[in-house]
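Me: I would like to go through this structure piece by piece. Please keep the answers short.

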Amino acid sequence: MPDNKQMDSYIEMFIFEANQLTEQLESILLESEENQNISEENINEIFRIMHTIKGSAAMMSFSDISNIAHTLEDLFSFIREKKPVIDVSDTCDKVFKVLDYIRYQIELLANGKEVQKLDEALAQTIRSYVEQIKSNNAAKAAEKTKPAGKEKPAEEAGEPEKAAGKAGAKTAQYKATVFFDDFCSLLSARAFMVINRLGEHCTNITNFPELNNSDNTVGYIMQNGLEINFESSLTPEEIKDIIEDITDVKTAVVQLMGSIEKKEEAEEEPPAEKAQPQAESAESKEPAEARAAAEYREPAGDKARPNVKQNIISVNINKLDKLINIVGEIVISESMVINNPDLEGMSLENFSKSAMQLRKLTDELQDLVLSVRMIPVEMIFSKMHRIVRDMGKKLEKEVNLEIIGEDTEVDKNVLDNLSDPLMHLIRNSMDHGIEPRDERIKNGKSPVGRITLEAKNTGGEVIITVSDDGRGLDKQKILDKARDKGLLKGENLTDQEIFNLILLPGFSTKEKVTEFSGRGVGMDVVKQNVEKVGGNIFVDSEQGKGTTMTIRLPLTLAIIDGMMVKVGENVYIIPTQSISQCIKPSQGSVFSDTQGRDMIIVRGSCYAITKLQTLFNIEGAVTDYSKGVIIMTEYNGRTVCLFADKLMGQQPVVVKSLPEYLNKFNSKETGIGGCTILGDGSISLILDIAEIANK
Amino acid sequence: MSNTATVDTDLLQEDTLRGRFLSFSFGEEIFALEIKYVTEIVGIQPITPVPEVPDFVKGIINLRGKVIPVIDMRIKFRKPTCDYNDRTCIIVVDIREISVGLIVDNVEEVLTIADENIVPPPDYRTGIQNRYIKGIGMVDSKVILLLDCARLLSEEELEELS
């Protein structure tokens with residue numbers, strides 16, 4: 001038996017596999033539902049997915065999952081063969097329910113909890129649905145289906161029945177050699193599954209080599225296959241089928257080694273005796289044939305579903321973070337070596353050449369590592385289909401979700417924090433935005449609503465918009481509500497400002513709380529989540545025409561483009577993204593107001609100046625405005641003018657957070673967002689314009 | 001970084017570290033801290049000041065790509081400050097997974113002090129300095145003040161600030 005650790009790795013694999021499969025299944029179902037037709041290809045695919053889930057769940061002894069998957073597998077094998085007339089959306093509904101159950105179980109497992117018992121009602125619905133389809137079909141084509149209908153249950157119960165039927169029959173000694181796919185992951189786990197599976201039908205199992213996790217064993221199995229000796233009453237073909245059913249098994253060669261000498265049986269069973277040589281002769285052909293067949297089958301299977309596992313591996317994000325850190329350090333060390341003061345003044349032609357080469361490589365490495373963390377937004381966009389579907393059914397609204405630019409890539413960390421906000425925005429659009437069908441028709445709109453989810457990359461940042469063609473926001477209602485709740489601070493707000501009121505905590509215009517939205521903890525949480533990853537959210541709307549939510553996100557959190565500015569002896573980094581312009585103030589363009597605050601007029605507008613030296617208490621910095629530089633930065637529509645000694649140039653910097661120990665002090669509130677290590681090894685602080693602007 | 005001495009805590013058993021202290025001095029007084037907290041000792045490096053921190057936090061340094069804060073022990077213990085020179089060291093300690101550099105005048109030696117040679121400090125915990133003293137050790141008739149590393153970085157500093 002495997003120890004716990006081994007078991008864990010099986011579970012991990014099971015979760016990984018099941019997650020992939022359920023995702024695949026979901027997209028197939030959504031597609032089928034949209035087309036109101038399950039194509040033959042998709043039926044096969046669903047069948048295959050259910051079959052795999054059934055298999056691996058049974059192997060992990062999650063019998064409830066395996067049972068329900070079996071029922072569905074059965075249903076689809078029936079649909080595949082008999083092609084009954086079915087109600088596509090009804091069928092999809094049922095499969096969705098099962099899918100949700102399986103998903104939930106996987107989630108439980110992933111969180112280290114036990115799987116739950118299958119809800120009997122669900123199982124019953126599915127089962128009776130399968131029965132219903134079958135009987136409908138039987139009734140429709142009574143003549144034709146009769147024999148087939150009979151055949152079906154027999155086939156269904158095939159394995160156990162046959163096994164039972166043969167229980168009294170003779171057991172034989174077999175030797176099976178199992179070969180696995182060349183790139184099969186967790187080979188020893190798979191091997192263990194083979195033996196486990198055989199254990200259900202066979203006795204006296206011994207295997208060579210012994211299964212442990214060592215590389216030697218794995219290597220041996222890869223080369224020579226896993227050799228298993230056992231006794232069983234099944235025929236070699238049946239055994240072969242059982243083994244080859246297991247994921248990643250390439251071929252299995254089953255050889256009959258002889259029957260077990262049990263005197264009383266041996267005499268009185270000539271038919272079996274007869275069958276054996278037959279089996280044996282069939283068997284001798286088997287290996288070559290089986291292999292050829294398997295090799296034939298292999299590419300065919302690949303075509304149906306490109307084997308994702310072989311090209312994609314899942315990596316712990318912590319490892320990637322470490323990798324980025326190390327690459328960052330390499331880049332820094334490289335420039336420390338190349339700009340080493342010891343080399344100063346020497347002419348080193350060869351050294352410079354090699355150094356150049358090194359720089360090129362490290363640059364490439366850096367780009368590559370950063371790109372590894374980038375994930376297409378498709379991952380979360382595709383989830384939205386399901387939400388639109390489910391809510392559409394519940395709210396009886398017909399809505400088309402249009403997705404644009406789903407291959408836009410963003411950093412993994414950014415993406416993780418985006419899923420919830422997006423889900424919420426879509427829900428809001430469905431619930432509040434899109435009007436009921438009648439109202440739409442009355443207003444001369446198409447009865448089918450439209451929600452557009454779009455992502456695009458604009459160089460420095462990614463912009464995601466969620467727009468609907470619903471009723472739009474009611475300005476007056478928002479204002480009244482805000483006044484009621486005491487959220488209104490000033491009068492004469494611009495449209496933009498009014499719409500942005502809905503992002504405030506405690507604001508929810510829906511009178512009634514519904515299942516999907518309206519608890520008033522929505523939009524402000526969305527805003528918080530977006531801001532957590534350095535993004536912004538804006539609301540725009542036109543009454544009667546629809547609402548558009550725009551989320552602006554940085555491409556990555558790990559690297560930003562920064563402007564280095566010098567203040568006294570210190571170098572600070574200002575994110576280039578937030579800089580709107582830099583001004584060299586001329587003599588006299590700066591003046592003070594009555595409270596001694598310095599101001600500058602730029603193109604007719606007056607701005608207060610924040611001196612970085614006073615903000616950070618730096619001595620020895622330039623105080624004369626005409627000798628320094630003013631950097632105009634913008635955050636959320638607010639302009640902040642920072643005064644520094646001089647600009648030092650622009651470069652991409654790796655963002656590091658400040659040491660934990662400093663968190664208890666107020667540095668962050670002063671406007672320090674993090675720090676970075678410059679090429680010469682010195683540390684420079686990165687300014688957080690949002691904090692400075694909010695002062 | 002010629003005077004870098006890395007103490008590989010992983011290889012040494014907790015047991016062998018017991019009773020061993022790293023000592024450093026300010027003028028007359030000798031202080032020591034338990035060696036199990038020490039990860040390495042580096043020479044003084046360029047320090048980047050950070051705004052809005054108490055004066056004893058001099059800023060942050062780049063320790064081979066890792067950014068760690070440094071504390072000037074003289075200021076922390078309210079001693080007269082003096083300029084850093086090439087004997088000035090940064091002792092990097094790792095306390096509950098937080099790395100902090102302690103700036104000291106110089107590092108003396110690694111001492112073994114048996115438990116029986118350690119006496120608890122007197123019971124008046126008023127002085128800034130005393131608050132961080134865990135015990136007083138005697139080695140060859142020299143008095144050594146043993147620092148309480150955990151307390152050194154503890155939340156008490158917050159009270160001090162407010």
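Reply: First, a term. A residue is buried if 20 or more other C-beta atoms lie within 10 Å of its own, exposed if 12 or fewer, and partly exposed in between, with C-beta atoms placed from the backbone. The model is predicted, so local features need pLDDT of at least 70 and side-chain atom pairs count only at pLDDT 80 or more, while totals for chains, interfaces and linings use all residues. Residues are numbered from 1 along each chain as its sequence is written, and chains are lettered from A and ligands numbered from 1 in the order in which they are written.

Me: Which residues cover the two faces of S13(A)?

Reply: Strand S13 of chain A spans residues 570-575 (strands are DSSP runs of E, at least two residues; helices are runs of H or I, at least four; both are numbered from the N terminus). Six of its six residues are buried, so the strand is largely enclosed by the rest of the structure. In a regular strand the side chains alternate between the two faces of the sheet. On one side of S13(A) are Asn570(A), Tyr572(A) and Ile574(A), and on the other Val571(A), Ile573(A) and Pro575(A).

Me: What is the bridge partner of Ile573(A) in S22(A)?

Reply: Two strands pair if DSSP finds at least two bridges between them. S13(A) and S22(A) pair in the parallel sense over two bridges. Within S22(A), the partner of Ile573(A) is Ile686(A).

Me: Which element gives the most to the side of chain A that touches chain B?

Reply: Contact here puts the C-beta atoms of two residues, placed from the backbone, within 7 Å. By that test, 25 residues of chain A are in contact with 18 residues of chain B. Two or more residues each come from helix H14 (317-338), helix H24 (667-670), strand S21 (672-677) and strand S22 (683-687) of chain A. The top contributor, with four residues, is H14(A).

Me: How do the residues of that side of chain A divide into nonpolar, polar and charged?

Reply: Ala, Val, Leu, Ile, Met, Phe, Trp, Tyr, Cys and Pro count as nonpolar, Asp, Glu, Lys and Arg as charged, and the others, Gly among them, as polar. On the side of chain A that touches chain B, the split is 11 nonpolar, 10 polar and four charged.

Me: How many residues of H15(A) are buried?

Reply: Helix H15 of chain A covers residues 349-372, 24 residues in all. From first C-alpha to last it reaches 35 Å, close to the 34 Å expected (1.5 Å times one less than the number of residues). H15(A) is hardly covered, and its buried count is zero.

Me: Which residues are buried in H16(A)?

Reply: Helix H16 of chain A has 18 residues, 378-395, and reaches 26 Å, close to the 26 Å expected. Glu396(A) follows the helix with a positive phi, near 55°. The buried residues of H16(A) are Ile380(A), Phe381(A), Met384(A), His385(A), Val388(A) and Met391(A).

Me: Which strands are the edges of the six-strand sheet in chain B?

Reply: Chain B has five helices and 12 strands. Six strands form an open sheet with mixed pairing, in the order S9-S2-S3-S12-S11-S10 (chain B). Each edge strand pairs on one side only, and the two are S9(B) (106-112) and S10(B) (118-119).

Me: Which residue of S12(B) stands opposite Phe31(B)?

Reply: Strand S3 of chain B, residues 29-34, runs parallel to S12(B), joined by two bridges. S11(B) and S12(B) pair in the antiparallel sense over six bridges. There, Gly135(B) stands opposite Leu146(B). The residue opposite Phe31(B) is Leu145(B).

Me: Is Ser141(B) buried or exposed?

Reply: Ser141(B) sits in the loop between S11 and strand S12 (142-147) of chain B. Its phi is near 60°, a positive value in a residue other than glycine. In the same hairpin of S11(B) and S12(B), with two residues between the strands, Asp140(B) takes a positive phi near 45°. With 5 C-beta neighbours inside 10 Å, Ser141(B) counts as exposed.

Me: Which residues touch the most other members of the largest nonpolar core?

Reply: A nonpolar core is a set of buried Ala, Val, Leu, Ile, Met, Phe, Trp, Tyr and Cys residues joined through C-beta atoms within 7 Å. The largest has 73 residues. Those touching the most other members are Tyr572(A), Leu33(B), Ile91(B), Val93(B), Leu102(B) and Leu147(B).
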